[in-house]
Amino acid sequence: MLDRIDQLRAEIDSLKAVSFEEVELLRLKYLSKKGLVSVLFDDFKSVPAEMKREVGQRLNDLKTKAQERLEELKSGFSSVETELSAKPDLTRPSGNNQPGSRHPLSIVRNQIIDIFGRIGFTVADGPEIEDDWHNFSALNFTADHPARDMQDTFFIATNPDILLRTHTSSVQIRTMETTKPPLRMIFPGRVFRNEAISARAHCIFHQVEGLYIDKHVSFADLKQTLMYFAKEMFGENTKIRLRPSYFPFTEPSGEMDVSCLICGGVGCNICKHTGWVEILGCGMVDPNALENCGIDSQTYTGFAFGMGIERITMLKYQIKDLRLFFENDVRFLNQFTGAF
Ligand code: DAH
């Protein structure tokens, strides 16, 4: 009898199960009325009186052990019934919940919205799937402009009039078509270009467009607005520089650089040893773009600008590879916990 108890005990110690159902089968095998452990209790009657004490104790131990072992196995699984019937224990400490964090691009987008909000710019949105008119034609792009090329823009094969917007400038047109000046707005959003993905380029990225239309708006207003933005975004000591450039929808057009945040303008890898980093395109809205939206270009003038959120975020947080923004790696994203 003692041998049999030892044997069962060793067996029970090494029990394994891969599912809740399997644990239940083991329970039947050992502990049900006709189970291997229960049967030993039936045999107990025939144990000689002088051994009853020891055998009895060992038998009880075996039964307890079997019950414990099966409970232990069971706790690794759950059945629909146990899940439904389990009452939550509200006194238990909670699990190790990791606080989430905003994506760095969202943090910077919110900062941009906030900075322009303080000088009266409101926010609007437009569709990511655009038509040729809003993305190109109304913005004064010529029919043969290279941006219209299949190499640069995602078109829909069955309808070349439909494309994924290549910039947020399309929202300028949508807004001017439907809203009478004065206008003072920014348009954040996703844009798409047919680019191979690398550390410096991606087929999806984010822009914020700005538009200010009123009577007597001048280039000085544009410059002052952008200088205010640069100082709020990058710090009071930031300098700006405007270089002449070309965009079909602005005249004159410029590109704005800020003094390099990393080296303070002395020259480093990030600014390619020039001391300056380009952050946006801008200009006075071309009269053709105004007229295309039914705004009288004799009465109204305005300025516009467009910036890439990735570029600004990379500068602000010294992020060297654009791909990090799209990989969802929590080791990267965790670093922004606490920032809004
Ligand atoms: N849409 C331009 C781009 O994606 C950026 C831009 C330049 C926007 C000048 C503007 C602007 O509003 O005035 O490259």
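**Sheet, helix packing and backbone geometry**

In this predicted model, strand 7 and strand 8 (residues 250-259) run antiparallel and are joined by seven bridges. Within this pairing, Arg241 has Asp257 of strand 8 as its bridge partner. The two strands belong to an open sheet of seven strands. The strand order is 1-5-6-10-9-8-7, and the pairing is mixed. Strand 1 (122-123) and strand 7 (240-247) form the edges, each pairing on one side only.

Two helices contact the sheet. Helix 6 (residues 104-117) packs on it and touches strand 1, strand 5 (183-192), strand 6 (204-214) and strand 10 (301-308). The direction of helix 6 makes about 165 degrees with that of strand 5. Helix 8 (residues 169-178) lies across strand 5, strand 6 and strand 10. Helix 8 runs at about 140 degrees to strand 5.

Helix packing was also examined towards the N terminus. In helix 3 (residues 36-43), Val37, Ser38 and Leu40 are buried. These residues lie on the same side of helix 3, because they cover an arc of only 150 degrees around the axis. The buried residues of helix 3 pack against helix 1 (2-13), helix 2 (20-31) and helix 4 (49-75).

The contact between helix 2 and helix 3 was resolved further. The two helices pack at an angle of about 10 degrees, with their axes 4 Å apart. Helix 2 is therefore roughly parallel to helix 3, as the angle falls under 35 degrees. On the helix 2 side, the contact involves Lys29, Tyr30 and Leu31. Their counterparts in helix 3 are Leu36, Val37 and Ser38. Of the contact residues, four are nonpolar, one is polar and one is charged.

Backbone geometry was considered next. Most residues other than glycine have a negative phi, and most peptide bonds are trans. Two proline sites depart from the trans form. The peptide bond from Pro181 to Pro182 is cis, with omega near 5 degrees. Pro182 sits in the loop between helix 8 and strand 5. The bond from Glu251 to Pro252 is also cis, with omega near 0 degrees. Pro252 lies in strand 8, the strand that pairs with strand 7.

Positive phi values occur at Lys272, near 50 degrees, and at His273, near 60 degrees. Lys272 is in the loop between strand 8 and strand 9 (276-285). His273 is likewise placed in the loop between strand 8 and strand 9. Lys272 is exposed, with a relative accessible area of 60%. His273 also counts as exposed, at 57% relative accessibility.

Conventions
Residues numbered from 1 in each chain as written. Predicted model: local features only at pLDDT ≥ 70, side-chain atom pairs only at ≥ 80, totals over all residues. Heavy atoms only, no water. Pairing = 2+ DSSP bridges. Contact = heavy atoms within 4.5 Å. Axes fitted to C-alpha atoms, helices over the stretch in contact; angles between N-to-C directions. Buried < 20%, exposed > 50% of the residue type's maximum accessible area, 1.4 Å probe, protein only. Arc of directions from axis to C-beta. Parallel < 35°, antiparallel > 145°, perpendicular 65-115°, else oblique. Nonpolar A, V, L, I, M, F, W, Y, C, P; charged D, E, K, R; others polar.
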